[in-house]
Amino acid sequence: MRRSLLPLVLTLAGCLEVFPQGAEPLADAGLSVDLGRVDDRGVISPPDGAPRDARPLLDEGGLIDQGPREDGAPALDRGVALDRGVALDRGVALDRGVALDRGVVEDSAPTLDRGVALDRGMVEDSAPALDRGMVEDSAPALDRGMVEDSAPIQDSAPIQDSAPIQDSGAPQDEINLGWIGGECARDSDCDYEGGFCLTFNDGFPGGHCARACDANRLCPDHPDYQTGPYSVTFCVTGDAQGEGVCVAQRDAAHYGDAGCRAGYAVVRLSRDDYTEVRRDVCLPLDPVTGEGRPLNTLQAALDDIALEQDLLDVARIALIDLTDAPEIAHVRGATPTYPASVIKIVVMAEAAHQDHAIRELRWGDPIPVGEDDYTCTGLPDDDDRPLLRVGDAERMDYTVDLMITRSDNTATNALISALDRTSITAYMRDLGLPSLQVHRILSGCPDGLEEDPGWDGEHRNTMTALETAQLYQLILDGGAVNDGISFVGGGHRAKLRAFLAGQRYSNGIREALPIDAEYLSKTGTTSSVTHDSGLVLWMDERYALVIFTSLPEGQGVPLIQRFGGAFAGLMETRRARR
């Protein structure tokens, strides 16, 4: 009596039907084959008209039926490979409704791997349809290959009915189908302007239709979202480079208390570049935390710190985790800010560029101090080097050292005059850092701005926290950055890091870091701003960190120290999870 192949397939994950030992497996490469019949002893009878002494031949994995084998049918047990030695139980659960690679096993029409379709015809109890032909229950289709009895069984992954593999195929969820937040296997499944698919291989169960946020960090809702099966959308910080991506918000109307489709969970995140605007969104489930996993975990953590410490109105912050692949986060870090003495790292970079590439000025060349360069400057208690005077001309590397380590304003102005402020700004633009601009010499005296014949009378020095952090990244790692232009070489970068390591003003972030951490930094203060910035190197952790505040030193330093403590905790947490 002929039986349906479906029950046989479905029993492979549990109590499997066992045939006599020693038989070679019957394979099918998508060809329709009459495999004969099997009797109660498991012996195959040839199809009508076939010679009794014929034996089946295996040709490139496909069965050419030439009659029965006397030694019976192949033994099918847990772990028998169906595809060139790949075991059934390596995460492929054979059970009702569980997806097998690119298809879903239904009770009446299962699909078995690529191209061996069981649903191309009516499946009846007596004769399941296989591709374009009939196959008896005694000869299950073994996809595109054969398994020899001697092949060892590697039972490395137990069958889990609750975790089907669904990297593509028929959608399991009709909500948001073809729209932001819906299932997808390829970009063409997201058929709207700018649509693309974040796939199973990207870490998105069932795939996830998305698109980039617009310039205002907004995302479109589906025209029928109020009446149709669509969720409201939201712009979150997407990838490690900090680009905004549209995702679906929590949707109780369609998903009840869970709020999200299977494989996803709710996480509360800020709108990209708008930390104060928060929404519950659906993102892939993190198996460790049991919560939704932010697309950019550094950004999510920085947003939380900024909100907890009430920094939004007084600070511009940027972080880049350089430990592995760079991950960028910032809070209003793209807003231009008056940088005070932090601008000196820009001047330092151009000095290295001159020595390394332009060669109009070298480290050993003298940098004269003119009358327009002289201004008041602070002198740290532990610095016994003499102040620069008009007419002095020190080596360029020594002048840079004074500018960075004791924040010498006269040294800075002399370097700006020698290097040319237009050239300094142009080099930053060539590096892809256009917000880092030098327009004016510094004024250190309390009685107002110094006369500056080279100033255009309009523009001030500017930096953004984000591009400042990116400059620190170049100082640490170098590399090609824009149209084939590279930052200075390793020897020059080491010299720049040595300057930063000698910074004498370090009562902000430095005070909150682990005692064994290195902090290569530059601070900046005026009567109305307090800034801190630098590279944090601790054990195997590497960060570029920048915080600009609109507070005087008395208020700014305590705030920066509190932020530094929160950052240190974040750094330790991320290290523990790597």
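**Exercise 1.** Which elements each supply at least two residues of the lining of the second largest pocket?

*Solution.* Strand S17 (264–271), helix H3 (297–308) and H10 each supply at least two. Helices (H or I, at least four residues) and strands (E, at least two) are DSSP runs, numbered from the N terminus. A pocket is, on a 1 Å grid over the protein atoms alone, an open set of points where a 1.4 Å probe fits, with protein on both sides within 12 Å along at least five of seven lines; lining residues have an atom within 4 Å of a point. The model is predicted: local features need pLDDT of at least 70, side-chain atom pairs count only at pLDDT 80 or more, and totals for chains, interfaces and linings use all residues. Residues are numbered from 1 along each chain as its sequence is written, and side-chain values use heavy atoms, with hydrogens and water left out.

Next, the lining itself. It has 20 residues, and Asp-286, Thr-289, Pro-294, Thr-297 and Arg-577 lie nearest the centre of this pocket. By class there are 7 nonpolar, 4 polar and 9 charged residues. Here Ala, Val, Leu, Ile, Met, Phe, Trp, Tyr, Cys and Pro count as nonpolar, Asp, Glu, Lys and Arg as charged, and the others, Gly among them, as polar.

**Exercise 2.** Which element gives the largest share of the lining of the largest pocket?

*Solution.* The lining has 38 residues; Ala-340, Ser-341, Gly-524, Thr-525 and Thr-526 lie nearest the centre. Strand S25 (518–525), strand S26 (530–538) and helix H10 (553–577) give two or more residues each. The largest share, 4 residues, is from S25. The classes in this lining are 11 nonpolar, 20 polar and 7 charged.

**Exercise 3.** Why is S26 described as largely enclosed by the rest of the structure?

*Solution.* Start with burial: 9 of the 9 residues of S26 are buried (under 20% relative accessible area, 1.4 Å probe, protein chains only), so S26 is largely enclosed by the rest of the structure.

Then take the strand partners; two strands pair if DSSP finds at least two bridges between them. S25 and S26 are antiparallel over 8 bridges, and a hairpin links them through 4 residues. Within this pair, Leu-520 is opposite Leu-535 of S26. S26 also runs antiparallel to strand S27 (residues 541–549), with 9 bridges, and Ser-533 has Val-546 in S27 as its bridge partner. The hairpin of S26 and S27 has 2 residues between the strands, and Met-539 in this hairpin takes a positive phi near 55°.

Terms used: Buried means under 20% relative accessible area, exposed over 50%, partly exposed in between (1.4 Å probe, protein chains only).
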